Amino acid sequence: MNAHTPVPSALRIEEAVAPAPPVYAGEALLVTWGHTAKSGMTVTFSLNDVHDLGVHPFKGMAWGPGGQRLRIAVVQAKGGEAASAPKPVYQGEAMLMRWADDCALGMMVRVLIDKGPDGTRGSHPFDGLHAGSKDGLLLTLAVWAVADDERVLDPRFMPRRRPFHTLNATQQAQIICRDARFTTWLRTNLRSLLDEPDLRFGLDVLTGYELASEVVRRYCGVSSRSELKSDTAAGERARGRFRRLMRGYDEAVFGPAAVR
């Protein structure tokens, strides 16, 4: 399904949301869920009802920290009862953390659930539900895109940006160095990332974007991040170092399942 399909009748959505076309509405497999101090409350789905010539419904949307705001509704059928008697799992705010067309999971999407008054109010709504890449619980999911002014966006007319993973290493470095969470992770792990004292010299006076940019340059062994896209042996080595850095960050912040 996609933005042109109606929301399944099992999903009872607030009137303020229902009139807008959903980004996705249909069956979804519960792949995994997590709740940590670093990554917050996350949940990953594999989408079962994607048509539109195989185009991922979240393609081009901003994801990761500061990703696209969403409103989602999830229900499950009660055991042994008709699907017309759904059991609500979660309805509230979320943020798009990742989407991918994965060889193992198919079209997957990971969201960060809001812990505040428009979200869970503290407890993970998927706690106790069976998750798995093959035998996870089959749920009914509907997702809407929401603007900062609370308008529900029509996904057919939303501007889409290139996914982060399709950008070259220089572009990725420029974006990630503006992420406060990335900067905090770099500072926390500075001694393990730059194990030689000379490499850490002068970093204690830097903050924010300047700190992140300088740590990335020193870790990758370049004088400028533009060298990350250089078509040379040195450029390839630097890109390898940058990929290693990003894997470490993704594992630390989003968990090992985020690195596929």
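The paragraphs below walk through this predicted model, from the whole chain to single residues.

The protein chain contains six helices and seven strands, and, read along the sequence, these follow the pattern β-β-β-β-β-β-β-α-α-α-α-α-α. Of the 260 residues in the protein chain, buried residues make up 50%. Among the contacts in the protein chain with a separation of 6 or more, 64% are accounted for by residues 24 or more positions apart.

Before looking at details, it helps to ask how confident the predictor is. The pLDDT of the protein chain averages 83, and 80% of the residues score at least 70. Over residues 13-18, however, the pLDDT is below 50, although this stretch has eleven contacts in the model beyond near neighbours in sequence. Where pLDDT is low, the predicted coordinates should not be read in detail.

Among the strands, E5 is a useful place to begin. Strand E5 covers residues 106-113 and is mostly covered, with seven of its eight residues buried. Strand E2 (residues 40-47) is joined to E5 by six bridges, and the two run antiparallel; in this pairing, Val43 stands opposite Val111 in E5. Strand E4 (residues 86-102) is also antiparallel to E5, and eight bridges join these two strands, with Ala94 having Ile113 of E5 as its bridge partner. As a general point to keep in mind when viewing such strands, the side chains in a regular strand alternate between the two faces of the sheet.

Thr42 belongs to strand E2, and what is its surrounding like? Because its relative accessibility is 12%, below the 20% limit for a buried residue, Thr42 counts as buried. Leaving out residues up to four places away in sequence, Thr42 touches Trp33, Gly34, Arg110, Val111, Leu112 and His124. The last of these, His124, is placed in the loop between E5 and strand E6 (138-146), and at 8% relative accessibility His124 also counts as buried. The side chain of His124 reaches the backbone oxygen of Thr42 at 3.0 Å, while a polar atom of the His124 side chain lies 3.1 Å from the backbone nitrogen of Phe126. Again not counting residues up to four places away in sequence, His124 touches Trp33, Gly34, His35, Met41, Thr42 and Ile113.

Phe126 leads on to the nonpolar interior. The largest nonpolar core has 61 residues, and those with the most contacts inside it are Phe45, Leu47, Phe58, Ile72, Phe126, Leu141 and Phe182. Taking Phe45 as an example, and not counting residues up to four places away in sequence, the residues that Phe45 touches include Leu29, Val31, Val74, Met107, Val109, Phe126 and Leu141.

Two loops further along the sequence deserve a look. Glu150 lies in the loop between E6 and E7, and its phi is near 75°, a positive value in a residue other than glycine. In general, most residues other than glycine have a negative phi. Met158 is found in the loop between strand E7 (152-153) and H1, and this residue is buried, with a relative accessible area of 12%. Its contacts, leaving aside neighbours within four places in sequence, are with Met61, Gln68, Ala145 and Leu153. Met158 and Ala145 are 13 residues apart along the chain, and their C-alpha atoms are separated by 9.1 Å.

The helices come next. In helix H1 (residues 169-176), the buried residues include Ala169, Thr170, Gln172, Ala173 and Ile176. Seen down the axis of H1, its buried residues fall within an arc of 160°, so they line one face of the helix. The general reason for such a pattern is that an α-helix has 3.6 residues a turn, so residues three or four places apart point the same way. At the start of H1, a side-chain oxygen of Asn168 reaches to within 3.0 Å of the backbone nitrogen of Thr170.

Helix H2 (residues 180-188) can be read in a similar way, with Phe182, Thr183, Trp185 and Leu186 as its buried residues. These cover an arc of only 160° around the axis, which puts them on the same side of H2, whereas Ala180, Thr184 and Thr188 are exposed on the other side. Asp179 caps the N-terminal end of H2, where a side-chain oxygen lies 2.9 Å from the backbone nitrogen of Arg181. Phe182, one of the buried residues of H2, is also among those with the most contacts inside the largest nonpolar core.

Notes: Residues numbered from 1 in each chain as written. Heavy atoms only, no water. Buried < 20%, exposed > 50% of the residue type's maximum accessible area, 1.4 Å probe, protein only. Helix = DSSP H or I, 4+ residues; strand = E, 2+ residues; numbered from the N terminus. Arc of directions from axis to C-beta. Polar contact = N/O pair within 3.5 Å; in protein donor to acceptor, adjacent residues only side chain to side chain. Core = buried A, V, L, I, M, F, W, Y, C linked by side-chain atoms within 4.5 Å. Contact = heavy atoms within 4.5 Å. Pairing = 2+ DSSP bridges. pLDDT = per-residue confidence, 0-100.
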